[in-house]
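I set out to record the aromatic pairs, one helix and the nonpolar core of this model. The entries follow in the order of the look-ups.

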Amino acid sequence: MESVREALVHLPSDVASLGEGRRFVARTLRDWKVDESRIEPVLLVANELVANAIVHAQSAPVLSLAESSAGDLLLRVSDESRALPVPQAPSVDDDGGRGLILVQALSDRWGIDTDTDGKSVWVTFAGAFA
Amino acid sequence: MSGEWDVAFERSERGGRPALVVSGEIDLSVAGRFAQELGNLVGDTDGKGLVDLSGVAFIDSSGVRELLKAKHAAEGAGGELSLLTPSASCRKVLEISGVLSEFTVLEALP
């Protein structure tokens, strides 16, 4: 995907950096004039993916945002673990496993790229710049 | 900026019922504190407390998980955990997570 512009932040492997990640997303998207109503889903998705990287991959994540030439928003969270996240369909009484449900519900497409250095989970938000 | 300043828990009363008033941002960095506050509310009130979520600016799946755990604990204590006027963003996250209907949600003070 050809990018019009990109921004990224390296976050410490500490849950205390979740807020920093959200503020990076909010600041960047406001700078890029993305409508406020489009920002909240991106905040939620970025937060869940960064939390997964810190907790499950035990890795310092890199969070990046890009605008495609087609006007879509691409969010990417990379970490140094090749272990793949597994979406779960929690039962009513299950207390966990809802992070990726939020990711799936709030984005248009998502997927995982792996290489020798680790993996990155990418998510697209179609028409975010419309 | 640490999470310390971004969230507040206060014990109060709402419509004569004991309440935990939550404001700010609930994420994994404060999930332990949230769990403790919810546990205290359930323990102190035989599960009959309210959680006022009107001031919640952000909540993630870890926050939803703690609310569900507290709901189960309240039911175990013979009560019911009611949510009071959740903010629009909080309500949306509960809804997408498929758990909003699990809770008794009060739209105004009882």
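I call a residue buried under 20% relative accessible area, exposed over 50% and partly exposed in between, with a 1.4 Å probe and protein chains only. The model is predicted, so I accept local features at pLDDT of at least 70 and side-chain atom pairs only at pLDDT 80 or more, while totals for chains, interfaces and linings use all residues. Residues are numbered from 1 along each chain as its sequence is written, chains are lettered from A and ligands numbered from 1 in the order in which they are written, and side-chain values use heavy atoms, without hydrogens and water.

Entry 1, aromatic pairs. I pair rings of Phe, Tyr and Trp (its six-membered ring) if their centres lie within 6.5 Å; planes under 30 degrees apart are stacked, over 60 edge-to-face, the rest tilted. How many aromatic pairs does a search of the whole structure find? I find 2 over all chains. Trp32(A) and Phe129(A) form a tilted pair, with 6.2 Å between centres and 40 degrees between planes. These two residues are 97 residues apart in the chain, and both are buried. Phe9(B) and Phe34(B) form a stacked pair at 5.8 Å and 20 degrees. Helices (H or I, at least four residues) and strands (E, at least two) are DSSP runs, numbered from the N terminus. Phe9(B) lies in strand E1 (residues 7-14) of chain B and Phe34(B) in helix H1 (residues 31-44) of chain B, so the pair ties together parts 25 residues apart in sequence. Phe9(B) counts as buried because its relative accessibility is 15%; for Phe34(B) the value is 0%, hence buried as well.

Entry 2, helix H1(B). I list Ala31(B), Phe34(B), Leu38(B), Leu41(B) and Val42(B) as its buried residues. Seen down the axis, they fall within an arc of 95 degrees (taken over directions from the helix axis to the C-beta atoms), so they line one face of H1(B). The face turned away carries the exposed residues Gly32(B), Gln36(B), Gly43(B) and Asp44(B). Just after H1(B), Asp46(B) takes a positive phi of about 55 degrees.

Entry 3, nonpolar core. I define a core as buried Ala, Val, Leu, Ile, Met, Phe, Trp, Tyr and Cys residues joined through side-chain atoms within 4.5 Å. Which residues touch the most other members of the largest core? Of its 63 residues, these are Leu63(A) and Leu67(B). H2(A) gives the most to this core, 11 residues. With contact meaning heavy atoms within 4.5 Å, Leu67(B) touches residues including Phe34(B), Leu38(B) and Phe103(B), not counting those up to four places away in sequence.
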